[in-house]
Amino acid sequence: MNQPEISFELFPPKRPDGIEALLRVADKLAGFDPAFISVTYGAGGSSRERTLGVTSALAEIAPAAGHITCVGASCAEVDKVLEEY
């Protein structure tokens with residue numbers, strides 16, 4: 001029988017000094033061997049840059065997935081974010 005997989009979802013910190021704390025938590029969560037750890041993407045893309053940065057740093061610790069919000073974004077904007085991921 002297959003074991004269920006787990007994942008965790010994190011919110012990007014609002015302040016730059018919160019990234020270190022988030023990565024320490026992610027390092028502890030990685031010990032549970034999650035399928036991935038995701039990072040939210042604020043409503044209307046309000047945390048886009050923070051999400052991209054945190055997702056990139058997180059990928060050094062565990063499989064990472066970043067959210068993307070397409071509402072209110074042009075196809076070119078969505079393409080740009082996907083390329084950055």
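**Close-up views of the predicted model**

Both Arg24 and Glu20 are exposed (exposed is over 50% relative accessible area, buried under 20%, partly exposed in between; 1.4 Å probe, protein chains only). The model is predicted, so local features need pLDDT of at least 70 and side-chain atom pairs pLDDT 80 or more, while totals for chains, interfaces and linings use all residues. Residues are numbered from 1 along each chain as its sequence is written, and side-chain values use heavy atoms, leaving out hydrogens and water.

**View A. Arg24 and Glu20 form a salt bridge in helix 1.** The closest N and O atoms of this pair are 4.0 Å apart (a salt bridge is a side-chain nitrogen of Lys or Arg within 4 Å of a carboxyl oxygen of Asp or Glu). Helix 1 covers residues 18–30 (helices are DSSP runs of H or I, at least four residues, and strands are runs of E, at least two, numbered from the N terminus). Arg24 and Glu20 are four residues apart in this helix, about one turn.

**View B. Asp17 pairs with Arg15 in a salt bridge.** The closest N and O atoms of Asp17 and Arg15 are 2.8 Å apart. Side chains of opposite charge can pair when their charged atoms come close. Arg15 has a relative accessible area of 55%, so it counts as exposed. A search of the whole structure gives three salt bridges, one of them this pair.

**View C. Lys80 and Glu84 are joined by a salt bridge in helix 3.** The distance from N to O is 3.4 Å. Helix 3 runs over residues 75–84. Because Lys80 and Glu84 are four residues apart in helix 3, about one helical turn separates them. Lys80 is partly exposed, at 43% relative accessibility. Glu84 is partly exposed too, with a relative accessible area of 39%.

**View D. Thr51 and Thr40 meet through a side chain and a backbone oxygen.** The side chain of Thr51 reaches the backbone oxygen of Thr40 at 2.5 Å. Thr51 lies in helix 2 and is buried, with 0% relative accessibility. Thr40 sits in the loop between strand 2 (36–39) and helix 2 (48–58). Thr40 is buried as well, at 10% relative accessibility. Neighbours within four places in sequence aside, the residues in contact with Thr40 include Glu9, Phe11, Ser47 and His67 (contact means heavy atoms within 4.5 Å). With the same kind of neighbours left aside, Thr51 is in contact with Pro12, Val39, Thr40, Tyr41, His67 and Tyr85.

**View E. Nine residues make up the largest nonpolar core.** Its members are Leu10, Leu22, Ala26, Leu29, Ile37, Val39, Val54, Leu58 and Ala62 (a nonpolar core is a set of buried Ala, Val, Leu, Ile, Met, Phe, Trp, Tyr and Cys residues joined through side-chain atoms within 4.5 Å). At least two residues of this core come from each of helix 1, strand 2 and helix 2. Helix 1 gives the most, with three residues. Val39, one of the core residues, has contacts that include Leu10, Val54 and Leu58, leaving aside neighbours within four places in sequence. Among the other residues in contact with Val39 are Pro12, Thr55, Ala65 and Gly66.

**View F. Cys70 and Cys75 are not bonded to each other.** A disulfide is a covalent bond between the sulfur atoms of two cysteines. Here the sulfur of Cys70 lies 8.7 Å from its closest cysteine sulfur, that of Cys75, which is too far for a bond. The whole structure holds zero disulfides (a disulfide is a pair of cysteine sulfur atoms within 2.5 Å). Cys70 is partly exposed, with a relative accessible area of 44%. Cys75 counts as exposed, at 65% relative accessibility.

**View G. Asp33 has a positive phi.** The angle is about 55°, although Asp33 is not a glycine. Asp33 is placed in the loop between helix 1 and strand 2. At 66% relative accessibility, Asp33 is exposed.

**View H. Lys14 lies in the loop between strand 1 (7–10) and helix 1.** Its relative accessibility is 74%, so Lys14 counts as exposed. Lys14 and Ala65 are 51 residues apart along the chain, and 19 Å separates their C-alpha atoms.

Methods:
A polar contact is a pair of N or O atoms within 3.5 Å; within protein, one must be able to donate a hydrogen and the other to accept it, and residues adjacent in sequence count only if both atoms are side-chain atoms.
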